[in-house]
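Trainee: Could you walk me through this one? I'd like to go step by step.

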Amino acid sequence: MNTIQIEALVKQMTRLEKIGQMTQITTSFFNVDGAKATGTASRMKDVEQHKWIVGSVLGKLDAASMLRIQRDYLQHNRLGIPLLFMTDVVHGYKTIFPVPLALSCSWNPEVLRRTARVSALEAAAAGFQVTFSPMVDLVRDPRWGRVMESFGEDRLLLGQFGAAMVEGYQTDDLQQPDTLAACVKHFAGYGAAEGGKDYNTVDLSPLSLYNDYLPAYHAALQAGARLMMAAFNTLNGVPATANTWLLQDILRKQWGFDGTVISDWGAVKELIPHGVAAGSEDAARLSLQAGIEIEMMTTAYIEALPELCEQHPELEQKLDEAVTHILQLKQELGLFDDPYRGVSEAREQEMLLHPSHRQAAREAAVQSMVLLKNQNVLPLNPDHKLALIGPFADNQHILGPWSVDGDPNHTVTVLEGLNQQGVHVQSLSTDDTRIDEDALHQAIELIRQSDIVVLALGEREEWSGEAGSRASIGLPPDQLKLLRIAAAAGKPVIVVMFAGRPIELAEVAHHADAILMAWFPGTEGGHAIADILTGRSNPSGRLTMSFPYHSGQIPVHYNHLNTGRPAHLLTQEKRYKTQYLDVPNESLYPFGYGLGYSEFVYGDIDADTGELSIDRPLQVSIPITNNGDYTGCETVQVYIHDRVAEIARPVRELIAYRQIELKPGETARVEYTISAEMLGYYHTDLQYRADPGEFELIIGPDSHRGASVMIRIV
Ligand code: BGC
C-alpha cells in the first residue's frame with residue numbers, strides 16, 4: 001500500500017471508523033488470559049460494541065492469541081484494516097535484561113542496541129509490532145520510582161542510549177517481521193515530577209527544557225522512532241496531553257516528526273481531574289486539537305468526537321491526519337501485506353529464552369553492575385568459606401519492574417550463580433523488612449563458620465517502577481541491623497545491592513568492605529553477579545545517576561549550576577554559601593563513578609594548540625595505562641565547563657566518552673575530536689550556538705575527578 005492508496009482508504013472510512021482507529025484498548029477485550037483487565041477496562045464496557053473498529057490493542061499476548069484475534073478482527077472489520085498490537089517491552093520480553101537505568105551504566109550504546117534487538121526478536125515472535133520504549137525522561141530525583149526506566153541524569157547519554165534502542169528495535173527495515181516500531185516516551189519532562197511523586201506537576205523553564213530535557217526525545221526521533229507518547233504530567237501548567245506547544249510547535253514544526261502520537265494510559269480523560277476539561281467532550285477536543293492521535297484506554301474520542309465533528313467540521317481534518325499517520329504506521333510495519341507478520345507458534349517457541357538471548361542478558365548484566373567500593377576483598381578468594389545472607393540471597397524476584405512477560409521461574413538467583421561456579425557457600429534467606437531475632441541468631445552462627453560474608457540486600461521490585469515513589473530511599477531498618485551485626489562479627493562484608501534507583505548508602509559504605517550495585521539485573525542476574533564476585537568478569541559499570549548521602553540533598557545531579565556563592569569558593573566567610581549545615585554538598589557516589597579490578601592511570605592531556613573554531617575542531621588525547629593485574633575496561637570521560645557564558649552553565653557537562661580495554665601493563669592513547677558544536681548551548685533567544693571564549697576541558701574517570709586544560713573557541 002502506498003501513500004495514494006492510504007489516501008483512498010481514508011476517503012472510504014466513515015467518521016466512526018476513523019475514530020475507531022484512534023482508540024486503543026487492551027487485549028482483554030479479545031479474551032486474552034491475564035491481560036490487564038483492571039478497573040479501567042471494566043469501566044469501558046461500552047467499547048465492546050466498537051471492538052471491531054478499534055485501531056490498536058495493548059497488553060498481554062502470545063502467538064496463538066495474536067493469530068486468532070487478527071483473524072477474527074479481519075473477518076469483522078469492514079475495510080479489512082489490520083489491528084495493531086502494542087506493549088511495553090522495556091528491558092526484554094521473556095528474556096529479561098537489567099532495568100534501563102542499569103543498562104545505561106554500561107556506558108555502551110552497543111549494549112542497549114543489542115538488548116533492544118533481542119527484545120524485538122522475542123516480542124515480534126509473540127505477535128507484537130510496537131513497543132512503548134525507550135523512555136528518555138531525564139531524571140534527577142531518585143525518589144521517583146520510574147528512574148529505573150530512564151538512562152539517568154545526563155542528556156547526552158539519554159539521547160545516545162535512546163537512539164541505540166530505537167535502532168535495535170526497528171533496524172533499518174521495519175517491514176521485516178522480527179522488528180518492533182519504537183514509541184519514545186513520555187513527552188515531555190515526566191522525569192521532573194515535583195517531589196519525586198509520580199504523575200506530579202512539572203515546571204521547567206524554557207532554557208532548562210531546551211538544554212537538558214528536550215534533546216534526548218529529539219535524538220531518539222532522529223534515530224527513526226515511529227511513535228511518540230505524551231506524558232501524564234502538566235508542563236508549565238498545561239497537561240502534556242493537551243499541550244499544543246509540545247505536540248505541534250516543537251514535535252511537528254520544529255522537529256518535523258511525521259509519525260504517530262499516542263496518549264499515555266487514560267490520560268485523555270485525566271484532563272478532567274487536571275482541571276482543564278469539564279467532561280469527556282472537552283477532553284476529546286483539547287487532546288485532538290493538541291495532536292493526540294491514539295487515545296489509550298479511555299473512550300472520550302468514541303464518546304464525543306462523532307458529535308463534535310458534526311458541530312465543528314474543521315475537526316474532520318484532524319481525524320484524517322491522525323488516521324493517515326496510523327495507517328502509514330501499519331503500512332510501514334508490513335501489515336497490509338501480511339497482517340500476521342509471519343507469526344507462528346513454532347517461531348515463538350524457538351525465539352523465547354533462546355540460549356543466545358540468555359547469554360546476551362548475562363553479558364549485559366555484567367556490564368551494568370557498578371562496583372562502588374572494594375577494600376581488597378574482591379574478587380573472592382576461592383579458598384574462603386562464604387556466608388550468603390539476606391532477602392536477595394536466593395530470590396528470583398530480581399527481574400525488576402516493567403518486566404511484563406518475564407517469569408521469575410526462569411531467573412538465576414545469586415545462590416544458584418555462585419553454586420554453579422563452584423563457590424563454597426552456606427546461605428540464609430531472610431525477609432526484607434522483618435528480620436527477627438531468630439533469623440539474626442542464625443545469621444551470626446553462619447558468619448561464625450565462614451571466612452567472608454556476602455549480604456544480598458535491597459528494595460523490593462514493587463518499591464520502584466510506576467507509582468513506586470518513596471520519600472526516603474534508604475534500606476529498611478532491619479536490613480541495616482543485619483549489616484551492623486555482620487560488620488561487628490569482624491569478618492569482611494560484601495554487600496550486593498538490588499534496587500531500581502540510587503539508594504542512600506552512607507551507612508552501608510561505613511560498614512561494608514565492598515559494595516556491588518547489582519540493580520535489578522534480570523533473568524541472568526545470579527550468573528552475572530557470580531561472574532563479578534569470582535573475578536571471572538572485571539566490573540566496568542559507571543553510574544549514570546548520582547547517589548546522595550541523604551534524601552534531603554535531592555536533587556544532587558553532577559551538572560548543576562554554580563551560584564554566586566558556591567561552597568568551594570575560598571573566602572573567610574564560612575556561613576553564607578550554598579551548602580547544607582548538616583550533610584555534604586556533593587553526592588556520595590557521583591555520576592560517572594565506578595571501580596573495577598584494574599588500576600588505570602591517567603597521563604597528561606595533549607590538547608594541541610588548545611584553539612578551535614566553528615569550522616576547525618580540536619584534537620585532544622590522553623594516555624591511559626592499566627597498572628593492575630586484570631585486563632579491564634575503562635570509560636574515559638570528557639567534561640566541559642564554559643567559564644563565561646550568556647547564561648549560567650553547568651559546573652561540568654559531559655561532552656564525550658570512550659571505552660578502552662587494556663591488558664595489565666598496557667598503555668593506549670585515547671583521542672577525541674572536540675568541535676564547537678559540542679561546546680554550544682541554547683541561549684536566551686532559544687537558539688543553539690557556541691560562544692567564543694575559554695572553556696575548561698576535564699578528562700577523568702568520573703564527574704568529580706580528572707585533569708583539566710584550558711581550550712578556547714576563536
Ligand atoms: C505508563 C506508560 C506505559 C503505558 C502502557 C502507563 O501507565 O505510564 O509508560 O507505556 O502505561 O502500559
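Trainee: Which residue just after α20 takes a positive phi, and of about what value?

Mentor: Happy to help; keep in mind that this is a predicted model. Helix α20 covers residues 525–534. Just after that helix, the residue with a positive phi is Gly535, at about 90°.

Trainee: How many of the 10 residues of α20 are buried?

Mentor: Buried here means under 20% relative accessible area. The residues of α20 that meet this include His527, Asp531 and Leu533. Helix α20 is mostly covered, and the number of buried residues is nine.

Trainee: What covers the buried residues of α20?

Mentor: Among the buried residues are Gly525, Gly526, Ala528 and Ile529. Both helices and strands take part in the cover, which includes α15 (355–368), α16 (414–420), β15 (493–498) and β16 (514–517).

Trainee: Now the ligand, please. Which residues around the ligand come nearest?

Mentor: There are 13 residues around the ligand. By class, this shell holds seven nonpolar, one polar and five charged residues. Those that come nearest are Asp88, Arg146, His186, Asp264 and Glu466.

Trainee: How much of the ligand's area does the protein bury?

Mentor: Let's start with the polar contacts. A polar side-chain atom of Asp88 lies 2.5 Å from a ligand oxygen atom, one of Asp264 lies 2.6 Å from a ligand oxygen atom, and one of Glu466 lies 2.8 Å from a ligand oxygen atom. Taken alone, the ligand exposes 310 Å², and the share of that buried by the protein is 96%.

Note on methods
Residues numbered from 1 in each chain as written. Predicted model: local features only at pLDDT ≥ 70, side-chain atom pairs only at ≥ 80, totals over all residues. Heavy atoms only, no water. Buried < 20%, exposed > 50% of the residue type's maximum accessible area, 1.4 Å probe, protein only. Helix = DSSP H or I, 4+ residues; strand = E, 2+ residues; numbered from the N terminus. Contact = heavy atoms within 4.5 Å. Near = heavy atom within 4 Å. Polar contact = N/O pair within 3.5 Å; in protein donor to acceptor, adjacent residues only side chain to side chain. Areas by Shrake-Rupley, 256 points an atom, 1.4 Å probe, with all protein chains shown as cover. Nonpolar A, V, L, I, M, F, W, Y, C, P; charged D, E, K, R; others polar.
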